[in-house]
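Good morning, colleagues. Please take a moment with the sequence and the structure on the screen before I begin.

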Amino acid sequence: MSYISDENTELEARFPNNHIITDSVGRGSVMVYIPRFNLSDVIDGASDTPHPAFAVNGKLLSGIYISKFQNVIIDGLAYSLPDKDPATSVSFDEAIGYSSSKGEGWHLMTAAEWGAIALWCQKNGWLPYGNNDGGKDIRENAVTAKTAYRDDTRSILRTATGSGPLEWSHNRRDDGIYDLNANVWEWVGGMRLVYGEVQILPFNDGAFCGNSQASDSSVWRAIDGISGELILPDGNGKTQNSVKLDNINGTWTYITGELSSCEDKIRFCDFADVTVCGCVCTKAKEILYSLGLLSSRADYDYDGVSLYANNGLAERIPFRGGRYGQGKNTGVFKTCLDDPRTFSGNPVGFRTAYAVFDGVKQNDK
């Protein structure tokens, strides 16, 4: 269709330093390419091995493509486009469907990919700002983005995708990823809590369209805290030696034994204060670091963001980044693990990512 071709041409002209990647119907999305890097590149003293985000189904990627913008939905498919009101009221499974239906390589952004971007930001000295205070960042003095949606009191809730200043991009440049801080929460795939037990799809296998993320999928794995190996979960959150999220004296703590405090309610603490018991091995901790679920730097305050979680129920799926109106408690290290996959709320959206194996489609590798 010529009008889609014209739209793609306009995007190419407007974003010459990004990639316009088309999907199964030929419509383009503006994508940011992130070249592969090692854990040691973003975490001092970590293993000199590729960050898990760059390993999909046993294959190593040269890089990954991340949506430049929080996504909108057009004809049942997700798109990264500028100056739009981001899609909201989307459940986890719907977000997966809107993403994977675009064709080979397309998927809902994963926890591994989000963690990689967050660690890159931290290492490079910039945690991006965003719409967390009525159309601006709470650290800014004026409204700096285009209004996309107001509530009945005329307060600014959502801002148009990518319409903020350079400080709202992950690298403080116009070729960066925008709105990782607030505006709307973002579902991410490939990770969940089950009665407090941390479960993942190995490495970045959530990026492979053939790997089911259904609640009963056989691909989910727990993390053995003693060896750091990925193990088959028992389904009850009590897998022997698995890494679990306990709440000890009001602080989220990763342990390997039985939970001392397991409650069906949302609890939180500063992300900088999240800790890990001494029985959890270095390899297991590196998995948590890589996902952005544990602080890799004791001297870092992460702008005061919190980790919210519920360890009393089965399957809590993560949102990342925070939302409008939350003030300073938003950012790339903000995580909420309190809601089921069926949740569909006004402040919750998503973004797609794209993964190919050195230019070869996933099913042709």
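P35 belongs to strand 2, which covers residues 28-35. Please bear in mind that this is a predicted model. How accessible is P35? Its relative accessibility is 47%, and because values from 20% to 50% fall between buried and exposed, P35 counts as partly exposed. Apart from its neighbours within four places in sequence, P35 is in contact with F54, S62 and G63. The C-alpha atom of P35 is separated by 8.7 Å from that of Y65, a residue 30 places away along the chain.

Let me turn to the sheet around this strand. Strand 2 is joined to strand 5, residues 63-67, by five bridges, and the two run antiparallel. Within this pairing, Y33 has Y65 in strand 5 as its bridge partner. Both strands belong to an open sheet of five strands, ordered 1-2-5-26-8 with antiparallel pairing. At its edges stand strand 1 (19-22) and strand 8 (106-108), each of which pairs on one side only. From one strand to the next, the twist averages 40 degrees. Helix 3, residues 92-100, packs on this sheet, where it touches strand 8 and strand 26 (352-354); the direction of helix 3 makes about 165 degrees with that of strand 8.

I come now to helix 4. This helix lies across strand 2, strand 5, strand 8 and strand 26, and runs at about 95 degrees to strand 5. Helix 4, residues 111-123, also lies across strand 13, strand 23 (317-321) and strand 24 (331-339), at about 150 degrees to strand 24. Why is helix 4 described as largely enclosed by the rest of the structure? The reason is that 11 of its 13 residues are buried. Among them are E113, W114, C121 and Q122. As to its length, 13 residues at 1.5 Å a residue should span 18 Å, and the end C-alpha atoms of helix 4 are indeed 18 Å apart. After helix 4 comes G125, with a positive phi near 80 degrees.

Finally, the second sheet. Six strands make up this open sheet, in the order 20-22-24-23-13-25, and their pairing is mixed. Strand 20 (267-270) and strand 25 (348-349) are at the edges with a single partner strand each, so one side of each has no neighbour in the sheet. The partner of strand 25 can be seen in detail: strand 13, residues 185-187, runs parallel to strand 25 and is joined to it by two bridges. In one of these pairings, W185 has V348 as its bridge partner in strand 25.

How values were computed. Residues numbered from 1 in each chain as written. Predicted model: local features only at pLDDT ≥ 70, side-chain atom pairs only at ≥ 80, totals over all residues. Heavy atoms only, no water. Pairing = 2+ DSSP bridges. Helix = DSSP H or I, 4+ residues; strand = E, 2+ residues; numbered from the N terminus. Contact = heavy atoms within 4.5 Å. Axes fitted to C-alpha atoms, helices over the stretch in contact; angles between N-to-C directions. Buried < 20%, exposed > 50% of the residue type's maximum accessible area, 1.4 Å probe, protein only. Expected span 1.5 Å × (residues − 1).
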